[in-house]
Amino acid sequence: MAEPKGFNVKKQYGFTTIAVLCFLLLYTPIILLVLYSFNAGTSIAIWEGFSWRWYVSAWDNEQVKAAALRSLWLAIVASAVATSVAVLAALATTRRAPYKGQTLVFAIINQPLMVPEIVTAVALLIFFALIKNYTGYTGGAYLFVAHSAFCVPFAYMPIRARLQGMDLTLEQAASDLYGTPLRVFRKVTLPLLWPGILAGAMLAFVISLDDVVITEFVKAAGQDTLPTYMLGQLRRVVTPEVNAISTVLLAISVTMVIVYFILNQRKN
């Protein structure tokens with residue numbers, strides 16, 4: 001009697017065709033975006049020759065420089081704050097026995113992931129408007145607070161996953177050798193947790209860097225980030241300069257992923 005064949009997704013009818021189609025739909029627009037960033041003409045749909053014109057134009061554009069610098073600072077600070085909070089939250093939810101209300105704690109931490117971003121943006125707008133009425137302050141701190149809070153669950157996920165996969169016996173052994181909780185964390189937990197922290201920080205950085213909805217609702221006049229500046233340009237005249245800026249952002253994201261994998265391999 002022949003043995004029944006196991007399920008093999010690669011041999012399912014039409015699987016390869018659907019997979020190829022999905023990849024084409026996903027990556028073809030990105031390839032075209034990068035390609036037309038080198039267009040010598042002003043059209044984003046008609047190829048008129050190769051040129052670095054729009055990269056030079058973006059580099060010489062003071063508005064682009066100001067928005068890019070603001071985006072970088074915002075992403076750096078937001079990712080640092082969000083990662084620090086995420087580490088503490090992950091330790092508090094994994095390094096203790098299960099307790100009543102733990103599911104509610106998880107829901108609160110991951111709330112920005114479960115609620116539509118537009119809802120979070122409107123809620124932040126109303127909340128910050130009340131603070132502005134009482135204090136009169138309209139500076140950029142609101143953006144830092146909003147981005148930091150929004151990025152916490154994105155940093156929390158890889159950090160918590162790393163903690164759950166770590167061997168508790170190492171920390172228990174360090175405690176048995178009279179290590180204080182802080183020393184055990186510094187000498188044992190933190191070095192093992194580092195890949196998760198790095199992944200969480202990079203994910204929070206990218207989320208903050210390309211956020212549009214929350215930034216658009218929270219920012220004041222003159223506080224455009226690079227994504228909101230690009231959105232404003234799309235409402236006016238679209239030129240390959242937007243493609244050039246998008247290509248640079250794409251290159252930064254890809255570089256960060258490559259660096260993370262290299263560091264992670266060296267760490268392991």
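In this predicted model, helices α3 and α11 (226–234) each supply at least two residues of the lining of the second largest pocket. The greatest contribution to that lining comes from α11, with 5 residues. The space in the second largest pocket amounts to about 240 Å³. A total of 15 residues line the second largest pocket, and those closest to its centre are Gln-63, Asp-224, Thr-228, Tyr-229 and Arg-236. By residue class, the lining of the second largest pocket comprises 4 nonpolar, 5 polar and 6 charged residues.

The largest pocket holds about 370 Å³ of space. Its lining is made up of 15 residues, of which Trp-59, Val-64, Ala-68, Leu-226 and Val-248 are the closest to the centre. Three elements give two or more residues to the lining of the largest pocket, namely α2 (53–60), α3 (62–94) and α12 (240–267). The lining of the largest pocket divides into 13 nonpolar residues, 1 polar residue and 1 charged residue. For the second largest pocket, the corresponding division is 4 nonpolar, 5 polar and 6 charged. Helix α3 is thus listed among the elements lining the largest pocket and among those lining the second largest pocket.

Aromatic pairing was examined next. Over the whole structure, 11 aromatic pairs are found. One of the pairs is formed by Phe-38 and Trp-52, with an edge-to-face arrangement, a centre-to-centre distance of 5.2 Å and an angle of 90° between the planes. This pair links distant parts of the chain, the two residues being 14 residues apart. Phe-38 and Trp-52 are each located in the loop between α1 (15–36) and α2. Phe-38 has a relative accessible area of 17% and is therefore buried, the cut-off being under 20%. Trp-52, in contrast, counts as exposed because its relative accessibility of 52% is over 50%. Trp-52 also pairs with Phe-50: the ring centres are 5.9 Å apart and the planes lie at 90°, so this pair is edge-to-face. Phe-50 and Trp-52 are both exposed. Together with Tyr-55, the residues Phe-38, Phe-50 and Trp-52 form one aromatic cluster.

Two residues of helix α7 were considered individually. His-147 lies in this helix, which spans residues 141–165. With a relative accessible area of 2%, His-147 falls under the 20% cut-off and is therefore buried. A polar contact of 2.8 Å joins the side chain of His-147 to the side chain of Ser-208. When neighbours within four places in sequence are left aside, the residues in contact with His-147 are Leu-74, Ala-78, Ser-208, Asp-211 and Thr-215. Ser-208 thus appears both as the polar partner of the His-147 side chain and in the list of residues in contact with His-147.

Ala-149 is also placed in helix α7. Its relative accessibility of 44% lies between the 20% and 50% cut-offs, so Ala-149 counts as partly exposed, whereas His-147 is buried. The C-alpha atoms of Ala-149 and Val-85 are separated by 9.2 Å in space, and the two residues are 64 residues apart in sequence.

Conventions. Residues numbered from 1 in each chain as written. Predicted model: local features only at pLDDT ≥ 70, side-chain atom pairs only at ≥ 80, totals over all residues. Heavy atoms only, no water. Helix = DSSP H or I, 4+ residues; strand = E, 2+ residues; numbered from the N terminus. Buried < 20%, exposed > 50% of the residue type's maximum accessible area, 1.4 Å probe, protein only. Polar contact = N/O pair within 3.5 Å; in protein donor to acceptor, adjacent residues only side chain to side chain. Contact = heavy atoms within 4.5 Å. 1 Å grid on protein atoms, 1.4 Å probe; cavity = no way out; pocket = protein on both sides within 12 Å on 5 of 7 lines; lining within 4 Å. Points joined across faces, edges and corners; volume = space filled by probe spheres on them. Nonpolar A, V, L, I, M, F, W, Y, C, P; charged D, E, K, R; others polar. Phe/Tyr/Trp six-rings, centres within 6.5 Å; stacked < 30°, edge-to-face > 60°.
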